[in-house]
Amino acid sequence: MAEVLGNGLSVRELECTRAGRRVFRGVSFDVAPGEVVQVRGANGSGKSSLLRLLCGLLQPSCGAVHWCSRNIAARDAGLAGDLAYMGHADGLSGELTVLENLRFSLQVAGRAEAEAERTEVLHHLHLAHRVHEQVRHLSQGQRRRLNLARVVLSRRRLWLLDEPCAGLDTQGEQRFDAYLATHLREGGLAVVTTHRDIGRDGPCARALEMDCFHDSFDTDHRP
Ligand SMILES: Nc1ncnc2c1ncn2[C@@H]1O[C@H](COP(=O)(O)OP(=O)(O)OP(=O)(O)O)[C@@H](O)[C@H]1O
């Protein structure tokens, strides 16, 4: 196996099979500190599946993911303590308020003390006036903003974000871009699925086209 990064994410010859069907194979790439990889591709090409493999929620049928040179399949690679994952489902409790949801997440992330920072981020994401409302009363875009607040405040090194801008308005997208830029500047890493052009002008931004990793006879995912 080719050498893996000692301080980042290394993906080698990754193959994904779901319900007995191969989704993709031969995916290899590295993400070093300060870099973002933008995962692109047609519907069903495996973008979400890739992210779930990267954080260990799915097991690969072939290949491996290494975090700081340790295989995440070993479960002791330290990935859980470094990872902020945003999936399609937001994982928020509709019964709890914005503040209660955030407090709970930050406690789990070991960042319960980040109160001043929390206030600032909520203000920046235009959620400050909704903190005592139940999350079930928020719009989809507001829920996405709250999820973004969770990711930002977790201060984890590795962001794995699945369509983080879905439902965000233009201002929300700009806020996301700003937080991502700060994260990278501070040495963070990110893998992001999105159809928007994020970070493409940055020196370390790279696109990963999932449509390149399918069997030629499998046309199910093609537009
Ligand atoms: N829970 C599941 N069980 C079995 N197969 C699944 C499951 N989830 C997704 N798949 C299949 O895996 C393939 C890739 O799906 P995935 O959601 O990763 O694609 P995607 O590129 O993220 O799609 P989209 O752009 O529509 O969100 C699809 O063919 C899909 O049918």
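This is a short tour of a predicted model, stop by stop.

**Stop 1: the ligand**

Start with the ligand and show what surrounds it. Its shell is made of Arg18, Ala19, Val23, Gly41, Asn43, Gly44, Ser45, Gly46, Lys47, Ser48 and Ser49. Colour these residues by class. You get 2 nonpolar, 7 polar and 2 charged residues. Which helix gives the largest share of this shell? It is α1, residues 47-54, with 3 residues.

**Stop 2: helix α1**

Stay with α1 and select the whole helix. Is it mostly covered or mostly open? Mostly covered: 6 of its 8 residues are buried. The buried ones are Lys47, Ser49, Leu50, Leu51, Leu53 and Leu54. Of these, Lys47 and Ser49 also belong to the ligand shell.

Now show what covers them. The cover includes β1 (9-18), β2 (21-31), β3 (36-40), β4 (62-67), β7 (158-162) and β8 (189-193). Just past the helix, pick glycine 56. Glycine 56 follows α1 and has a positive phi, near 85 degrees.

**Stop 3: the parallel sheet**

Next, select β6, β7, β8, β3 and β9. They form an open sheet of 5 strands, in the order β6-β7-β8-β3-β9, with parallel pairing. Why do β6 and β9 each have a side without a neighbour in the sheet? β6 (83-86) and β9 (206-209) stand at the edges, each with a single partner strand, so one side of each is left free of a neighbour there. From one strand to the next, the twist averages 15 degrees.

Two helices are worth adding to the view. α1 packs on this sheet and touches β3, β7 and β8. Its direction makes about 150 degrees with that of β8. Then show helix α5, residues 170-185. α5 also lies across β3, β7 and β8, running at about 150 degrees to β8.

**Stop 4: the edge strand β6**

Zoom in on β6. It runs parallel to β7, and 4 bridges join the two. Alanine 84 stands opposite tryptophan 159 in β7. Leucine 83 has leucine 158 of β7 as its bridge partner.

In a regular strand, side chains alternate between the two faces of the sheet. Check both faces of β6. Leu83 and Tyr85 lie on one side, Ala84 and Met86 on the other, and all are buried.

**Stop 5: leucines 160 and 161**

Move across to β7 and select leucine 161, which is found in this strand. Leucine 161 is buried, with 24 other C-beta atoms within 10 Å. What does it touch, beyond residues up to four places away in sequence? Met86, Val151, Ala190 and Val192. Take Val151 from that set and draw a distance. Leucine 161 and valine 151 are 10 residues apart in sequence and 9.1 Å apart in space, C-alpha to C-alpha.

Now step back to leucine 160. Setting aside neighbours within four places, leucine 160 is in contact with Leu51, Leu54, Cys55, Leu83, Tyr85 and Val191. Leu51 and Leu54 are buried residues of α1. Leu83 and Tyr85 share one side of β6.

**Stop 6: the core**

Leucine 160 leads into the largest nonpolar core, which has 55 residues. Those with the most contacts inside it are Leu50, Ala149, Leu160, Ala190 and Val191. Helix α4, residues 140-154, gives the most to this core, with 6 residues. In soluble globular proteins, nonpolar side chains tend to be buried together.

**Stop 7: the antiparallel sheet**

Select β2, β1, β4 and β5. This is an open sheet of 4 strands, in the order β2-β1-β4-β5, with antiparallel pairing. β2 and β5 (70-71) are the edge strands, each with a single partner, so one side of each is left without a neighbour in the sheet. β4 and β5 pair over 2 bridges. Histidine 66 stands opposite asparagine 71 in β5. Bring α1 back: it lies across β1, β2 and β4, running at about 125 degrees to β1.

**Stop 8: two unusual phi angles**

Finish with glutamate 13 and arginine 155. Glutamate 13 is found in β1. It is not a glycine, yet its phi is positive, about 50 degrees. With 14 C-beta neighbours inside 10 Å, glutamate 13 counts as partly exposed.

Arginine 155 lies in the loop between α4 and β7. Its phi is positive too, about 55 degrees, although it is not a glycine. Arginine 155 is partly exposed, with 16 other C-beta atoms within 10 Å.

Key
Residues are numbered from 1 along each chain as its sequence is written. This is a predicted model: local features need pLDDT of at least 70, side-chain atom pairs count only at pLDDT 80 or more; totals for chains, interfaces and linings use all residues. A nonpolar core is a set of buried Ala, Val, Leu, Ile, Met, Phe, Trp, Tyr and Cys residues joined through C-beta atoms within 7 Å. A residue is buried if 20 or more other C-beta atoms lie within 10 Å of its own, exposed if 12 or fewer, and partly exposed in between; C-beta atoms are placed from the backbone. Two residues are in contact if their C-beta atoms, placed from the backbone, lie within 7 Å. A residue is near a molecule or strand if its C-beta atom, placed from the backbone, lies within 6 Å of it. Ala, Val, Leu, Ile, Met, Phe, Trp, Tyr, Cys and Pro count as nonpolar, Asp, Glu, Lys and Arg as charged, and the others, Gly among them, as polar. Two strands pair if DSSP finds at least two bridges between them. Axes are lines fitted to C-alpha atoms, for helices over the stretch in contact, and angles run from 0 to 180 degrees between N-to-C directions.
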